[in-house]
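Subject: The structure I promised you

Hi,

Here is the structure I said I would pass on. Please open it in your viewer and keep it beside this note while you read.

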Amino acid sequence: MEPVVPDHVPLPASFPIVPATNPDGGWGKRRTPLPAPPLDLGPARSGGEIGYVALRTLVLSTLAPEERRALREGLAPDERARLTAQTAGPEGERLLMVRAGLRLLLGQLLDADPGAVVLDDGPCPHCGRLHDRSACSPAGRRLHFATVGREDLVVYAVSRFPVGLGLAVTDGPDREAWLRGRKPARLAASREGVARGRCSRTRDGSVEHIVRFVHTAPEHCCVVSVVYEVPFNEDAPISLDPATD
């Protein structure tokens, strides 16, 4: 349990000071949602030069037939066959698009061919849970990623550190409904944003857990939270992908 220190008791120099990032009060309550730009369906690459986290959205209903075809062909034949066999019908097509979009984004950020990126997104070997999914390029560059979606909305997060995404369906498009959905979305994201090998969150001052919310259009009626961990530095500003500032 985290120690509770009364306001009038001076803190010892060794006491870890971690800023409050709880989105339901304090610092987090004053933050505005982050807009997540659409996934670039072209071959542009950034060479991995991102801030702490890069966010992208993909709205499947807006994809033209030729864009769907290009995304599908970007997957290796064996991966396409495996995903198709896993789930048939419209949901199977959706899985193909989500996976192809993920590979495209990782290829852009890792400066690699999307099909050559090696994904480690299975259960954690330590606890069996799905968290801290990562990807490596043939050159050995490594990034962490998370994916979440509802109906035709897909949100991707790619980070230099363990990252998680959580989605909560709201009971309406108004702000009050959005506020009620923040906590379940954050809790879902927190379960993913944990480094493998720890499998539980260590309460110390060496790691800061950052909470942000992804902006979604009102018609999607959902809240998306992104949680990622970074080495704690009280004076360092939070550096995001330039396109998401």
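How many helices and how many strands make up the secondary structure of the chain? The chain comes to four helices and nine strands. Please keep in mind that this is a predicted model. Following the sequence, you will meet these elements in the pattern β-β-α-α-α-β-β-β-β-β-α-β-β. Of the 245 residues in the chain, 44% count as buried. If you take the contacts between residues at least 6 apart in sequence, 63% of them join residues at least 24 apart.

Now to the sheets, beginning with the one made of five strands. This open sheet runs in the order E2-E6-E5-E4-E3, and its pairing is antiparallel. E2 and strand E3 (118–120) are at the edges with a single partner strand each, so one side of each has no neighbour in the sheet. From one strand to the next, the twist averages 25°.

Going through some of the pairings, E3 and E4 are antiparallel and share three bridges. Val118 has Cys136 in E4 as its bridge partner. E4 is in turn joined to E5 by four bridges, again antiparallel, and here Cys136 has Arg142 in E5 as its bridge partner. E4 and E5 make a hairpin with five residues between them, and Gly140 in the turn has a positive phi of about 95°. Further across the sheet, seven bridges connect strand E5 (residues 142–150) with E6, and these two strands run antiparallel. Ala146 is matched there with Ala157 in E6 as its bridge partner.

Which helix lies across this sheet, touching E2, E3, E4, E5 and E6? That is H3, which runs at about 30° to E6. Helix H3 (residues 89–110) has 22 residues, which at 1.5 Å a residue should span 32 Å; the C-alpha atoms at its ends are 32 Å apart, so the two values agree. H3 is also mostly covered, with 17 of its 22 residues buried. Just after this helix, Asp111 has a positive phi of about 55°.

The other sheet has four strands. It is open as well, with the order E1-E8-E9-E7 and mixed pairing. At its edges are strand E1 (34–35) and strand E7 (163–169), and because each has a single partner strand, one side of each is left without a neighbour in the sheet. E7 is joined to strand E9 (residues 222–231) by seven bridges, with the two strands antiparallel. One residue pair to look at is Leu167, whose bridge partner in E9 is Val224. Helix H4 (residues 175–192) lies across E7, strand E8 (207–215) and E9, at about 145° to E7.

On to the side chains. How many aromatic pairs does the count come to? The count is two. Tyr52 and Phe161 form an edge-to-face pair, 5.5 Å centre to centre with 65° between the planes. Tyr52 belongs to the loop between E1 and strand E2 (53–59), and Phe161 to the loop between strand E6 (153–159) and E7, so this pair ties together parts that are 109 residues apart in sequence. Tyr52 and Phe161 are both buried. Trp178 and Phe213 also form an edge-to-face pair, at 5.7 Å centre to centre and 65° between the planes. This one links helix H4, where Trp178 sits, to strand E8, which holds Phe213, across 35 residues of sequence. Trp178 and Phe213 are both buried too.

Finally, the cysteines. How many disulfides are there when a pair of cysteine sulfur atoms has to lie within 2.5 Å? The count comes to zero. For Cys222, the nearest cysteine sulfur is that of Cys221, 7.8 Å away, and Cys222 is in no disulfide. Is Cys222 buried or exposed? Cys222 is buried, with a relative accessible area of 4%. Cys127, in contrast, is partly exposed, at a relative accessible area of 34%.

That is what I have for you. Happy viewing, and do write back once you have had a look.

Best wishes

Key
Residues numbered from 1 in each chain as written. Predicted model: local features only at pLDDT ≥ 70, side-chain atom pairs only at ≥ 80, totals over all residues. Heavy atoms only, no water. Disulfide = S-S within 2.5 Å. Buried < 20%, exposed > 50% of the residue type's maximum accessible area, 1.4 Å probe, protein only. Pairing = 2+ DSSP bridges. Contact = heavy atoms within 4.5 Å. Axes fitted to C-alpha atoms, helices over the stretch in contact; angles between N-to-C directions. Phe/Tyr/Trp six-rings, centres within 6.5 Å; stacked < 30°, edge-to-face > 60°. Expected span 1.5 Å × (residues − 1).
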